[in-house]
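Please read the points below with the structure open beside you, and look up each residue as it comes up. They are written for someone who is new to reading a model of this kind.

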There are 2 protein chains.
Amino acid sequence: MELNEALAKLAELEKKLYAYQAADSALYLDGTTVAPKDTAQGRGVALGVLAGERHRLFSAPETGTLLDLLWEKREELDQLRRREVEELRRSYAQLTRIPADEYMEYAMLTNEAGDVWHRAKEQDDFQLFRPLLEKLVAFNIKFAGYYDPSKAPYDALLNEYERGVDMEYLDKFFATLRERIVPLIHAVGEKEQPDGSFLERHCPLEAQRKFSDYLMEVLGLDRAHCTIGETEHPYTLEFNNKDVRITTHYDEGNLASSMYSVIHEGGHAKYELGICDEVQYTSLAGGVSMGVHESQSRFYENLIGRSLPFIQAIFPKMRELFPEQLGDVTAEQFYRAVNKAQPSLIRTEADELTYCLHVMVRYEIEKRLIGGTLKVKDVPETWNRLYKEYLGVDVPDDRRGCLQDSHWSGGAFGYFPSYALGSAYGAQMLKNMEGDMDVWGPVSRGDLSAVSEWLREKVHKFGGLLEPADVVKNACGVFDPTVFADYLERKYSALYGL
Amino acid sequence: MELNEALAKLAELEKKLYAYQAADSALYLDGTTVAPKDTAQGRGVALGVLAGERHRLFSAPETGTLLDLLWEKREELDQLRRREVEELRRSYAQLTRIPADEYMEYAMLTNEAGDVWHRAKEQDDFQLFRPLLEKLVAFNIKFAGYYDPSKAPYDALLNEYERGVDMEYLDKFFATLRERIVPLIHAVGEKEQPDGSFLERHCPLEAQRKFSDYLMEVLGLDRAHCTIGETEHPYTLEFNNKDVRITTHYDEGNLASSMYSVIHEGGHAKYELGICDEVQYTSLAGGVSMGVHESQSRFYENLIGRSLPFIQAIFPKMRELFPEQLGDVTAEQFYRAVNKAQPSLIRTEADELTYCLHVMVRYEIEKRLIGGTLKVKDVPETWNRLYKEYLGVDVPDDRRGCLQDSHWSGGAFGYFPSYALGSAYGAQMLKNMEGDMDVWGPVSRGDLSAVSEWLREKVHKFGGLLEPADVVKNACGVFDPTVFADYLERKYSALYGL
């Protein structure tokens, strides 16, 4: 095959993979937003067939031959094509290493596990979920061997979510954080908590919807390319860099819930919308890793969104939209309320300071489960013990304990650390950004354009063109978790007068 | 290949065709409802690729071999499978008779033509659209030869939309209608028109949305399987018999517009939701023909929705929802206003009486275009002449003339007659229904369940299991357009005191 012909075939393959992804996304989006309630079955049939077709296409021997041929001629390819081929070869190798029957069996297992987990959580019944979790763990240990037999199984899984990251790296990372954060939490615990009761005042849906529109405007999200929908669990979904959707969930008794969810998902959307045109419709379109993606969402949500200058900038508009709810509240009071640090049970509701400890519990449990030193039956007990040890809280039931997250039911082991890494990357990005320019002057005027531009240049535009580690290096320099610890220390010392 | 293996392959093929259709529908639904404004390009890429994949799958030689093999063994198949194979073979033959390069070229042409038609209509510039229409006509003449070289080209096209229908059939049908309807229109024209000015009173969106919900309830549309969305042009979209969506367009200055659009699309939805489970995920799922589909939508819209008993039944609720707009209006006045018959320019806004004449103009033009006796350049002149002749109105511009409909830009020649046929089928169904049971007693109490049940049993449940002509025969008996003419005569004589 001539190089030109091979490149044409590559482009065709990439377009097809994009189209299958787009179909999957459209069906998912519909299913979680406007679809009638009792329509999951037919959608499931379509999604299953499309996943099968995509798998058949991508794992076909001709795909392997094409990618090998292009890899042999990589010296003749430009950087973009070379990188495309490299990434596709990696995915191809991974996919074809899993025997087709195991792949199908696993797909059915995660499908069933999702349902069972839902019920188990609702009914607070770990035993219901246990046999499925056992199978999921066993599959993941086996798959880890397919991914990279030279690595310890959990390292192989971690590498799938954040390439280059392993237990050695994370052990050090979390040790640093724990060493610095735990004393901080103790110190905060001895101080008086700010009053945040006004956050629970009733805020009508319509005003909250207008507030979302305003927040998207402040974030600089172009509505011609990004809309907001409403779902039970908020998410960001990208079709391409011209078409991204975010969703939120409104709670009329909790203004801050949707507010920070919009800013968080808005951060993900900024990333996807900022990726360069050159990589669109290829395997390099889309954010480079979960950790880097979370760095962007949590950057906007916490480093910007929970900063005093930002809150001061948007507070006049907030008081206009919520005159009865916030008429007697100052920006500073609001700032203190949304930064209240307190050990709690639920990860997704945790504050910036205690959040990483929630992640650490999951990391420890995954490490032992996949490493074979913890049995699934002992997960609840270990979970509860670690929550007591790390956060000092008693877990009253598994619903608010080890059944709270959906990740494991979907087969995601090794994903959680990305959340903590993202937070730490973000803090270091902020430090570098502050070195490069005046961050807080414009933010205090509600102008986020310079922040956006910095992130676009340092992170967003590359998409998958660089390795995750190189994107991190590009924006953070040498990764140093003490920068994040310093940030937390500074912020919470000021907040609580430590 | 064993029969069992062949049947398994058939089921797999059918599921894949279903999945591609579902993907297409989800992307279309998204694109017309919630998608951000400037996102058509990426969706176009995905839709193009998926259409190509579907075409590749369906036109593959193995598909032909499989269908031939099953057809040889048709005596061993049950009725459902035999019918599936018959329908698939027909589609396969049709698809594979069109050379792949012409198929692709035509797909690109209709895509471009859609855009150009939009602009041409906006700018009232037929010359802009003319070269595309010329190509579309030429393609359709050529395709007609592929479909059935033994037929006149326009007959071959008509057969695609309503199998068994040809020019001979339609000439008689339309002649009967014209003979009866034209004198009626003249007679009505000499009478005083009812006052319908209250229909233009401002009706807020929110109340209209509630009214839609109420109408769906009256129609017996289960919201767990059917939702309503908002789009520029209303449509019905079916994923399967458990998942159907309708859309409407609200005009705050025209209450009846969305009202009758909801009832019309609701009729389409009733059909799709009433199809039996056995044919789901096969080529027999979905309404059997355009004519039969329109018979259902127009049955609900006109025969029921524009009847006095129905309007009397829902009027109390309407006055509750629109107290200021309808407080001084009676059900009878409303009935007269929404049945005002008056020759006009726009087909989609035409009343029940004059509607078929709009269709006849299009039928005559298509017949001559595809028959080669009318040149595209002469379409506007012919259009305007026929409107004057049939409806007695002067067409002021092509925007309100031959550029008003999208059908030709999408390559649909032979579709229009379905609208008129559907109206005529419906009238005959009503006559038979009245013979079988008390229709108007329950309808006057807002109870449409018996009507629904009758239609489900006589029309809906079969899906594509029967030929269109057999469905018509099943519900109408021997087709007789004078029944429709009688209906119109009775209705409008009473309304206008003829």
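The numbered points below go through a sheet, a chain contact, some salt bridges and two loop residues in turn.

1. Before anything else, please keep in mind that this is a predicted model, and that the values quoted here are computed from it.

2. I would begin with the sheet of chain A, in which 3 strands form an open sheet in the order β1-β3-β2, with mixed pairing. The edge strands are β1 (226-230) and β2 (236-240) of chain A, each of which pairs on one side only, and the twist from one strand to the next averages 20 degrees. As background, the strands of a sheet pair through backbone hydrogen bonds, and they may do so in a parallel or an antiparallel way.

3. Both senses of pairing can be followed here, beginning with β1(A), which pairs with β3 (residues 243-248) of chain A in the parallel sense over 5 bridges. Within this part of the sheet, A:Gly229 stands opposite A:Thr247 of β3(A). Helix α9 (residues 205-219) of chain A packs on the sheet and touches β1 and β3 of chain A, and its direction makes about 150 degrees with that of β1(A).

4. On the other side of the pairing, β2(A) and β3(A) run in the antiparallel sense over 4 bridges, and they form a hairpin with 2 residues between them. A:Asn240 has A:Asp243 as its bridge partner in β3(A). How many of the residues of β2(A) are buried? The count is 4 of its 5 residues, and the strand is mostly covered.

5. Chain B deserves the same reading, since 4 of the 5 residues of its strand β2 (residues 236-240) are buried and the strand is therefore largely enclosed by the rest of the structure. In chain B, 4 bridges join β2(B) to β3 (residues 243-248) in an antiparallel arrangement, and the hairpin between β2(B) and β3(B) passes through 2 residues. B:Leu237 has B:Arg245 as its bridge partner in β3(B).

6. B:Arg245 also leads to the contact between the chains, where its side chain meets that of A:Asp30 in a salt bridge (2.6 Å, N to O). The contact takes 38 residues from chain A and 38 residues from chain B, and the area buried between chain A and chain B is about 2,700 Å², of which carbon and sulfur atoms give 65%. Across this interface there are 6 salt bridges, and 15 residue pairs are in polar contact. On the side of chain A that touches chain B, α1 (3-32), α2 (40-58), β1, β2 and β3 of chain A each supply at least two residues, and the largest share, 11 residues, comes from α1(A).

7. Over all chains, a search of the whole structure finds 87 salt bridges. One of them joins the side chains of A:Glu467 and A:Arg163 (2.9 Å, N to O). A:Glu467 lies in the loop between α19 (449-458) and α20 (468-476) of chain A, while A:Arg163 lies in the loop between α7 (153-161) and α8 (167-189) of chain A, so the pair ties together parts that are 304 residues apart in sequence. A:Arg163 is partly exposed, with a relative accessible area of 22%.

8. A second pair to check is A:Arg347 with A:Asp405, whose side chains meet in a salt bridge (3.0 Å, N to O). These residues are 58 apart in the chain, and the pair links distant parts of it. Are the two partners buried or exposed? A:Arg347 counts as buried because its relative accessibility is 5%, and A:Asp405 counts as buried at 10%, where the cut-off for buried is under 20%.

9. Finally, two loop residues are worth a look. A:Ser289, in the loop between α10 (255-274) and α11 (290-304) of chain A, is buried at 6% relative accessibility, and a polar atom of its side chain lies 3.1 Å from the backbone nitrogen of A:Val292. A:Gly410, in the loop between α16 (379-391) and α17 (417-436) of chain A, is partly exposed at 48%. A:Gly410 and A:Gly114 are 296 residues apart in sequence, and yet 6.3 Å apart in space, C-alpha to C-alpha.

Definitions and conventions
Residues are numbered from 1 along each chain as its sequence is written. Chains are lettered from A and ligands numbered from 1 in the order in which they are written. This is a predicted model: local features need pLDDT of at least 70, side-chain atom pairs count only at pLDDT 80 or more; totals for chains, interfaces and linings use all residues. Side-chain values use heavy atoms; hydrogens and water are left out. Two strands pair if DSSP finds at least two bridges between them. Axes are lines fitted to C-alpha atoms, for helices over the stretch in contact, and angles run from 0 to 180 degrees between N-to-C directions. Contact means heavy atoms within 4.5 Å. Buried means under 20% relative accessible area, exposed over 50%, partly exposed in between (1.4 Å probe, protein chains only). A polar contact is a pair of N or O atoms within 3.5 Å; within protein, one must be able to donate a hydrogen and the other to accept it, and residues adjacent in sequence count only if both atoms are side-chain atoms. Buried area is the accessible area (1.4 Å probe) that two parts lose on being put together, summed over both. A salt bridge is a side-chain nitrogen of Lys or Arg within 4 Å of a carboxyl oxygen of Asp or Glu.
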